[in-house]
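Okay, thanks everyone for coming. I'd like to walk you through one helix and then some of the empty space in this protein.

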Amino acid sequence: MLRRAWVFGLTTLLLAASVAGAVDGPAGRWPDQWGSQRALVRVEQKADAVRVHLPWRRPDQNPRQKAVLVVDATTGKQLQNVVAVSVGRESGDLVFEPVTAPGDYHVYYLPAKPLATGNPHSGGYVEPKETADEAWRIQAGVAADELAANRWRKLPEARFVEFQAIRDFDRFTEMEQIATRAETDALLARFPDEKYLLFVEDRQHPIRMTRDLPRRWIERDGLRTLRGQAHRGEFHAWQVGVFAARVAIEDVEVAFEDLRPASGQGPSIPASAIRCFNQGGVDWQGHRFTRTFDVERGRVRALWFGAAVPRDLPPGRYDGAVTIAPKGMPAGRVEVSLDVDDQLLEDGGDSEPWRHARLRWLDSTIALDDEPVAPYPPLQVTENTIACLGRRVSLDENGLPESVRNYFAPEMTHLVDRARELLAAPIRFAVQRADGTVEPFSGGKLTWTMRGDGAVAWHAESTVDALRLRCDGRMEFDGCVEYRLRLTADEPTDVKDLRLEIPLRRDVARYMMGLGRPGGLRPARFTWKWDRAKHQDCVWVGDVNAGVQCRLFGENYVHPLMNQYYAERPLNLPPAWFNDGQGSVTIAEEGQAVVLRASGGPRSLGPGQTLHFHFRLLLTPFRPIDPDGHWARRYYHRYRWPNRGDDDLRPVVHGGANVVNIHQGNQLNPYINYPFLTVAPLSEFVRRAHEQGLRVKIYYTVRELTTHLPELWALRSLGDEVLAGGDGGGPAWLREHLVDDYRPAWYDAPVDDASILTVGMSRWHNFYLEGLDWLVRNVEIDGLYLDDVAYDRTVMKRVRKILNRGRPDPLIDLHSWNHFCPRAGFACCANLYMESLPYVDRIWFGEGRDYNTPPDYWLVEISGIPFGVMGEMLQGGGNPWRGMVYGMTNRWGWGGDPRPLWRLWDEFGMAGSRMIGYWSPACPVATDQESVLATVYHRPDKTLVALASWAPEKVSCRLKFDWAALGLDAARAELRAPAIERFQPAEVFQPQDAIPIEPGRGWLLILQHRPE
């Protein structure tokens, strides 16, 4: 794999602070197959064989299983007569035949295997292989049966000069050069009665290794004393390494003292301003939590601390201590002294990642509130009815919806006064007794527990026989209604079923998506059973302008991983709903209703036993679609590097785009999901783009995480809280520096970016959100490009609020690969990410899509229209004719070139036109062919008609017009097909003509009066 030269310079500049003084020798560039590490060896005089001792102190395990290659630095050729006499973690001894003498030789001791395409677990190292000539081995004293005699030690000695790395970032730092066994034993001998040892360390030397002590701790004095330099206003971070030297230690408790002025006078840094991140914090929902800190015997683990230095603190030295007390053992004490100067850090150190000041972002509650965001108005509560944008929910006495009314027009572009009822009857939770009789819970009393602009909550309790049902409900401004039902038996009870019934009007329940069924027309009857191998726990049923998604979950719910990583953390099956495989979901026509019935199945309940039947309803659509905004926002999904002035972006502007997406893996945003190491060039690009009227969005999410982030080692110290554990493997950097217990993820060879997988939901989302706010304020990005959403709706709401509060008209677009496959658990993307769609401006559900699917699939799975958002196409450029039936094109720069269609939009005047899709009864143009659909874009004086065929053969169709609705005189009207590059030739039709359409194609026709 080729590496770009610019990455070396960029990485050197950005990471110099973290590697300065780590290892002698410059970084170099050499072929990847040699690996990332080498030793420079110098042969002073000619000899048939020489020996060399390499004190490498390497952190990797099992070094004898990896080949050691010697290459002549003059010729670049690999030597064959080489014998690795000893290869250990502390050092190695080689004998080789120098071809060039005097001369330099490169010893590559971690030669790498290439990564297999698409397999982040692949790679590894070249195994040792015997290449030396037997006669030479005998002469040099390194024949297999002679090694023990040590005759080779009398050979001339080549001089070890230095260790080198392919990049500065690949170097083994001071914290990765292992202490020898003898050095570790000598250290322990100094503390014969200590069961554990503490090593205080500054932030510039993150503790990396867990199996070994670093040489730095052997050579350094003052192991329990920190003397740090800090500024006023800074959040100053440091670490304490805990070495379980003789026994395992558990449940470590940490206590802080005030950092008092050494002068004895003046204010202190209070203990309340100091925190230990390993002890717990605040999760992404704002809930405080605690974690235990344990260390296995013989292992090292870091505790990360931070102190918020007051902005008005007088300069001087401040002394205090941290007490660390493992359970059942004497406490250890670490002295902490901070020399505070007079400089004020306005942002606490956030602009300099090496300071680790951003670790406090882990506990942030930024944008964690219930305030509505545009375009959603405040909730209105009248008696038992809650109104949100375009929807009204009325609750019965038991707290469940008895009516859901929607006020969206069928074409989905605006609201109407006339309601469309979703339910055929009230939703109910019912018991089917052992004798087969069914009775819903009743006798409740609805009580409001919270009323706010953005959320309301209520409570009710109801009964059936000896069963009590506690209902806690909450509805938010976007139309999300979450229920936590807790059922308790007062005495032993046998039931045939406990079930939720949602009776939908049959005219509303036209389409369905989820539970293993792709989006499209609903079948007459559907049955589903729980299967953890499948990412399926929710289903959507509805029409374009009225529908509901129901998600079933339990008290054990943990947000699963997405995409190809689903199997790494699949769904926790909800105990009450799953019921050891007896739970099920059916959707069936019953008279004029379609009943969604979620059943827990038969069971016997003991007295006091409680079951949790939680579920969530998303009432769709969330908002009207915004066609004018869609026509106006034109994406360019690449970027031009601004190295020749403003002209670099002119092709983008002249092409008609006005929004630029900066993907990851390039000069501006090289490291996946951590865009803070290239702030200067990214800011300059954004500035230039803004000057030319362009908005800039960047790739920034959380699923994978680059290993270039300075906070990596602090996150590793948190165990499995943020970073996913695993069997390791993958690119060489991961194997050599992380060593074990990680899950390799995306790898970008051109920018040497190896990433690892995060666990899903964690405190890292708080960090991510603070990072987004920082980018909004300091770089002035205009929004986000999300490649899948690896977080829940709570985080998405916070994302939207941060953007709305920081930038004018910010944008979020969501891309997703087709998850309907075994690796992703056969999930439907629009169903999977429905909870995020209220906050997304555009979807791009195109990768891996088959555009030969029927129109009901397009409408439900691809278009976004039933949920209040519009989309674009990707795979193979999409189908432009069918796409225009839903207002979609492909994306310029990545998957296609929509510029010819953009020009048509402008010439016709799409802005201000009224989009009326074929799904609307009000659509004024229809066809006489069931397989040919027509959507219109209507203006007072003309109409653009988008025709697309799903017929397998060429067809001729005639159009049917509602001339009154169109405002045109049939006798004066004509249909003109403007010439559109790669789309259609120019043509003129009369309204009564049969229009020929090739399979999979269509027309864009302008209907207007003929010129007089």
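So, which elements do the buried residues of α12 pack against? Keep in mind that this is a predicted model. There are β28 (467–476), β29 (480–489) and β40 (614–620), and then α11 (764–778), β47 (783–787) and β48 (811–817).

Let's look at α12 itself. It covers residues 793–806, 14 residues in all, and reaches 20 Å from its first C-alpha to its last, close to the 20 Å expected at 1.5 Å a residue. Of those 14 residues, 11 are buried, so α12 is largely enclosed by the rest of the structure. Among the buried ones you'll find Arg-793, Met-796, Arg-800 and Leu-803. At the N-terminal end, Asp-792 acts as a cap, with a side-chain oxygen 3.1 Å from the backbone nitrogen of Thr-794.

Now, the pockets. The largest pocket holds about 1100 Å³ of space. Its lining has 39 residues, and the closest to the centre are Trp-284, Gln-285, Arg-484, Asp-792 and Thr-794. So there's our cap residue Asp-792 again. α12 gives the most to this lining, with five residues. By class, we get 10 nonpolar, seven polar and 22 charged residues there.

The second largest pocket has about 830 Å³ of space. Here 35 residues form the lining, with Gln-564, Gln-664, Trp-746, Asp-787 and Glu-847 closest to the centre. This time β45 (744–748) gives the most, with three residues. The classes come out as 17 nonpolar, 11 polar and seven charged.

Last, the cavities: there are four of 30 Å³ or more, and the largest has a volume of about 70 Å³.

Definitions and conventions
Residues numbered from 1 in each chain as written. Predicted model: local features only at pLDDT ≥ 70, side-chain atom pairs only at ≥ 80, totals over all residues. Heavy atoms only, no water. Helix = DSSP H or I, 4+ residues; strand = E, 2+ residues; numbered from the N terminus. Expected span 1.5 Å × (residues − 1). Buried < 20%, exposed > 50% of the residue type's maximum accessible area, 1.4 Å probe, protein only. Contact = heavy atoms within 4.5 Å. Polar contact = N/O pair within 3.5 Å; in protein donor to acceptor, adjacent residues only side chain to side chain. 1 Å grid on protein atoms, 1.4 Å probe; cavity = no way out; pocket = protein on both sides within 12 Å on 5 of 7 lines; lining within 4 Å. Points joined across faces, edges and corners; volume = space filled by probe spheres on them. Nonpolar A, V, L, I, M, F, W, Y, C, P; charged D, E, K, R; others polar.
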